[in-house]
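Visitor: I would like a close look at one part of this model, set beside a few other places for context. Please take care to say how each term is defined.

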Amino acid sequence: MTSLSHILAACRSHPRLRRVLLGPRPDAVPALIAKACAAIGLLDVLAGVFARFRHSRMHTVAEVLPGALGPFAAALSLSTGLLLLLLAHGLRRRKRRAWRAAVVLLPAGAVSQFAYRHSAFGLLISLALLTLLIRHRGEFAALPDPRSRWRALSNFLLWGTASILIGLVIVSVHGRRTVGDPSLADRITHVLYGLFGFEGPVDYDGPTSWTVGFSLGALGLLTALTTIYFAFRPEHPAAHLTPQDEDRLRVLLDKHGRRDSLGHFALRRDKAVVFSPSGKAAVTYRVVSGVMLASGDPIGDVEAWPGAIERFMDEAKAHSWTPAVMGCSETGGEVWTRETGLDALELGDEAVVDVADFSLSGRAMRNVRQMVKRIERAGYETRVRRIRDLGQAELERIRHAADDWRGTDTERGFSMALGRIGDPDDGDCLIATAHKTDDQPGPYGDLKAILHFVPWGTDGVSLDLMRRDRSADPGMNELLIVAALEAAPRLGIARVSLNFAMFRSALARGEKIGAGPVLRAWRGLLVFLSRWFQIESLYKFNAKFRPRWEPRFVVYRTSSDLPRIGLAAMQAEGFIDLALPLPGFLRRRTAAPRACTHGTAERGLHTA
């Protein structure tokens, strides 16, 4: 009994050991079926596209696969193969809709094959895979991704209309090779038949008929491919916090908000939330491209974190989403890995300045001190206040300035951003502003720069966004950070969290004497990437204020998930946008925000 308890404890503490001892992941069967479906689909595609393949030694195998109904139906073979390939993705994610589609498609292919080719072997292949699907039907229970049906419908309508119009052009441009004088109705009929891979009423001389047929078939396949992709792809739902959820989170933050500097960012209203059974802890998240992204540590009592994490994992499993956590602390990472068997990887470091230790004196602070003095001599002054102390007119002016100075069309920020300024419920937020009276004031008067901080417990703040007028002098952010740190004691603030520096330790160690070639090469790559992403610049900007560094981690299931998690995180943060816009009449109507959400949050995106 003692040995067994030791083994269980070891499994709980070491995720990799647990995976070795407990065997393969529970989705191994769906993955195997998905691979079989993809293999059959790939051979069908090869049989439909490459004529030599259909007449090679592999022909005796490929011709009896589902959808391969003979050389006269190459387009149908190609279509069926592509459908199976796309269904394989849904089957891999254990989607119930993908299972239903495969269960319908495989018998249809088997019946068609038996009717056309009288192939009992082809029938058995289809039925064998069908049997596996039915036998393991319990494995395919993942719920559909919200909004995917609407996106698929809109895609089908748009691409279907475009395919018909383009098809009419294709049918009509071969006038010299057209047999007879087909009417417009004949041409439309030919297009519709061609989109489904069948011959229409319009005839052509020579090989033109094949050219038109394959072109129309390609249009039909494009419509089918994109429609099925949008139907089964991981689509992010319109996550939002209800007023009741937000109130519950605020209660937890009032009691336990001091634990994590990112806790207040859980109040972003484009996130969803799951609570522990006791209601004493919660995890907020957003789903992006099938990745269920949590950020920071769970909110609430540490003892109740496992319950909230379990609810999070159950939700991910129910939808077959990939679970991931961005920017959790070391304590949070330990709990996540212990409770779920996930792995953790250090992502970077958060810069935290202890107000009691901050001073502009000394040689190390000379550059910051000189920059601040120069800007003050130029006529700039600073004001540091709580949001609740601002008048409505001034607050509205700050909101509009923050929007105008954003610099990008896309709102950025997710894990370390609140996404609003001046909400009535955010009265404890801190705002630092820079002002200068000009001979010709701009649209926002003497306002030149803005820093916005969110509460970190009762004695700390965490940097949310930095914005400045592009015509203002360089060094606005340094000026306002120093002003906030100097004003912190009278506001009861003992800790200030600044920007997050990704891969900070690699940059710091790589520039030291004695660094090995691998570390130097890694640092060189990061410096190269800093041309497009603010990696090195954020590290150097943070280092100016002599902070202490708190590591932050990404929690993930397997290494193969990391590229997908990285892409989803970049989408969530607003650096890339892969979504296609819905037509207006198909867009889901959403309720208005609880309060005004003008302004944005970009933690550390501007360092000049």
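Visitor: What relative accessibility does Tyr 539 have, and does Tyr 539 count as buried or exposed?

Guide: Tyr 539 has a relative accessibility of 11% and therefore counts as buried, a label that applies under 20% relative accessible area, with exposed meaning over 50% and partly exposed in between (1.4 Å probe, protein chains only). The model is predicted, so local features need pLDDT of at least 70 and side-chain atom pairs count only at pLDDT 80 or more, whereas totals for chains, interfaces and linings use all residues. Residues are numbered from 1 along each chain as its sequence is written, and side-chain values use heavy atoms, leaving out hydrogens and water.

Trp 549 is partly exposed, because its relative accessible area is 22%. To see how Tyr 539 and Trp 549 are paired, it helps to begin with the whole set of rings. Across the whole structure, a search finds 5 aromatic pairs, where rings of Phe, Tyr and Trp (its six-membered ring) pair if their centres lie within 6.5 Å, and planes under 30 degrees apart are stacked, over 60 edge-to-face and the rest tilted. One of them is formed by Tyr 285 and Phe 312, which meet edge-to-face with 6.0 Å from centre to centre and 80° between the planes. Since Tyr 285 belongs to strand S2 (residues 281-288) and Phe 312 to helix H13 (residues 305-319), this pair ties together parts that are 27 residues apart in sequence; helices (H or I, at least four residues) and strands (E, at least two) are DSSP runs, numbered from the N terminus. Both Tyr 285 and Phe 312 are buried.

Returning to the part you asked about, the ring centres of Tyr 539 and Trp 549 are 6.1 Å apart and their planes stand at 45°, so this pair is tilted. Tyr 539 sits in helix H20 (residues 536-543) and Trp 549 in strand S12 (residues 548-556), so the pair ties together parts that are 10 residues apart in sequence. As for Tyr 285 and Phe 312, these two residues form one aromatic cluster with Trp 336.

Other buried places give some context. Ile 387 is located in the loop between strand S7 (381-386) and helix H16 (392-404), and Ile 387 counts as buried because its relative accessibility is 5%. Although Ile 387 and Asp 426 are 39 residues apart in sequence, they are 7.2 Å apart in space, C-alpha to C-alpha. Leaving aside residues up to four places away in sequence, Ile 387 touches (heavy atoms within 4.5 Å) Leu 395, Ile 421, Gly 422, Asp 426, Gly 427, Cys 429, Ile 431 and His 452. Cys 429 in that list counts as buried, because its relative accessibility is 1%.

Asp 426 also appears beside Arg 250, a residue of helix H12 (residues 243-256). Arg 250 counts as buried, since its relative accessibility is 15%, and, with residues up to four places away in sequence not counted, Arg 250 touches His 264, Leu 267, Arg 269, Arg 420, Asp 425 and Asp 426. Leu 267 is likewise among the residues touched by Leu 249, whose list, with the same sequence neighbours left out, also includes Leu 241, Ala 266, Val 273 and Phe 275.
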